[in-house]
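This report describes the fold of a single protein chain. It begins with a pocket and then turns to the sheets, the helices and the backbone.

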Amino acid sequence: MTADGDALAGFVERHRRILVLSGAGMSTASGIPDYRDRDGVRRGRTPVQGPEFRKMEAVRKRYWARSMVGYPALSAAAPNAGHVALAQLQALGKLGALMTQNVDGLHQRAGSADVLELHGNIHKVVCLDCHASFPRTFVQEQLVEANPALAGAVATPAPDGDAHLEPDALAEFHLPYCVHCGGTLKPDVVFFGDGVPADVTRDALERMSDADALLVIGSSLVVYSGFRFCRMAFETGKPIAAVNLGKTRADDMISLKIEAGAEMTLPLLFSRLA
């Protein structure tokens, strides 16, 4: 780790406008599971697809039932040492803008400023009909009140506040609803099968354009919304470093790769540069 730490510290010192891109591996030390193993293979069932969620009540019931059980564990998760060290490095001016594929809000809670959430935030809910916005905690209260049989159920956590649970009586499950118009509620996240909003994409592309290097932390980069920035950096001659356990889709573009957890690597980097 000493040689890797020296190399990463040197990378950071050589570049003054490093864009940071974080993924699910950033939050595993906080107890939030990730989607893929070290070979980039997806674990478990295929996640909910956005088009199906909007079209099919059965899909919405399955999502909200599992989320009702899984969300309390996610909401109780705290930033880990990697989140804290990243915020400290930003405060020192050692790292620049931050983009994340995560929806857990832990970067903000750790003190990072101006975080661009590529895939939204799980702690917010929107109405698909009148576009009202609600805290996820409010919707959780609505779910528990309407579905007391599931309240207090225990299941193995899954990524992004999901749970490995297949309720027996989804036909009897009561969906949450918009208290303003009675419309359909959706977590304010980008589901699989949906695209990143245009305004978020513009902001992200501007950040990549302004950067002189890219640092990827905890992402396999299998999803195009993250991989595209590696491709942009590579094509414009901007060096890429990565801190990630396992393969990434951009391994052939990365000039410095450290196979270690962010919760170990980033505090050591901070101690070297502080």
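## The second largest pocket

In this predicted model, 16 residues line the second largest pocket, and those nearest its centre are His119, Gly120, Asp188, Val190 and Pro197. The space within this pocket amounts to about 210 Å³.

Three elements each give two or more residues to the lining of the second largest pocket: strand 3, strand 4 (120–127) and strand 8 (185–189). Strand 4 supplies the largest share, with four residues.

## The three-stranded sheet

Strand 4 and strand 8 also belong to an open sheet of three strands, ordered 5-4-8 and paired in the antiparallel sense. Its edges are formed by strand 5 (133–135) and strand 8, each of which pairs on one side only. From one strand to the next, the twist averages 40°.

Three bridges connect strand 4 with strand 5 in antiparallel fashion. Opposite Val126 stands Ser133 of strand 5.

Two helices lie across strands of this sheet. Helix 3 (residues 57–76) lies across strand 4 and strand 8 and runs at about 140° to strand 4. Helix 6 (residues 136–146) lies across strand 4, strand 5 and strand 8, and its direction is at about 75° to strand 5.

## The six-stranded sheet

Strand 3, which contributes to the lining of the pocket, is part of an open sheet of six strands with parallel pairing and the order 3-2-1-9-10-11. Strand 3 (115–117) and strand 11 (256–258) are the edge strands, each pairing on one side only. Neighbouring strands of this sheet are turned against each other by 15° on average, direction ignored.

Strand 1 (residues 18–22) and strand 9 (residues 213–217) run parallel and are joined by five bridges. Within this pairing, Leu19 has Leu214 of strand 9 as its bridge partner.

Helix 8 (residues 224–235) lies across four strands, namely strand 1, strand 2 (98–100), strand 9 and strand 10 (240–243). The helix runs at about 150° to strand 9.

## Positive phi angles in two loops

Most residues other than glycine have a negative phi. Asp114, although not a glycine, has a positive phi of about 55°. This residue is located in the loop between helix 5 (106–110) and strand 3. Is Asp114 buried or exposed? Asp114 counts as exposed because its relative accessibility is 56%, and the cut-off for that class is over 50%.

Leu221 is likewise not a glycine and has a positive phi, of about 65°. Its loop lies between strand 9 and helix 8. With a relative accessible area of 1%, Leu221 is buried, since the limit for that class is under 20%.

## The chain as a whole

The chain contains nine helices and 11 strands. Of its 274 residues, 50% count as buried. The accessible surface comes to about 12,500 Å², and 53% of this area belongs to carbon and sulfur atoms.

Which share of the contacts between residues at least 6 apart in sequence joins residues at least 24 apart? Among such contacts in the chain, the share is 72%.

Notes
Residues are numbered from 1 along each chain as its sequence is written. This is a predicted model: local features need pLDDT of at least 70, side-chain atom pairs count only at pLDDT 80 or more; totals for chains, interfaces and linings use all residues. Side-chain values use heavy atoms; hydrogens and water are left out. Two strands pair if DSSP finds at least two bridges between them. Axes are lines fitted to C-alpha atoms, for helices over the stretch in contact, and angles run from 0 to 180 degrees between N-to-C directions. Contact means heavy atoms within 4.5 Å. Buried means under 20% relative accessible area, exposed over 50%, partly exposed in between (1.4 Å probe, protein chains only). Accessible areas come from the Shrake-Rupley method with a 1.4 Å probe; for residues, only the protein chains shown count as cover. On a 1 Å grid over the protein atoms alone, a cavity is a set of points where a 1.4 Å probe fits but cannot get out, and a pocket is an open set with protein on both sides within 12 Å along at least five of seven lines; lining residues have an atom within 4 Å of a point. Grid points are joined across faces, edges and corners, and a volume is the space filled by probe spheres set on the points.
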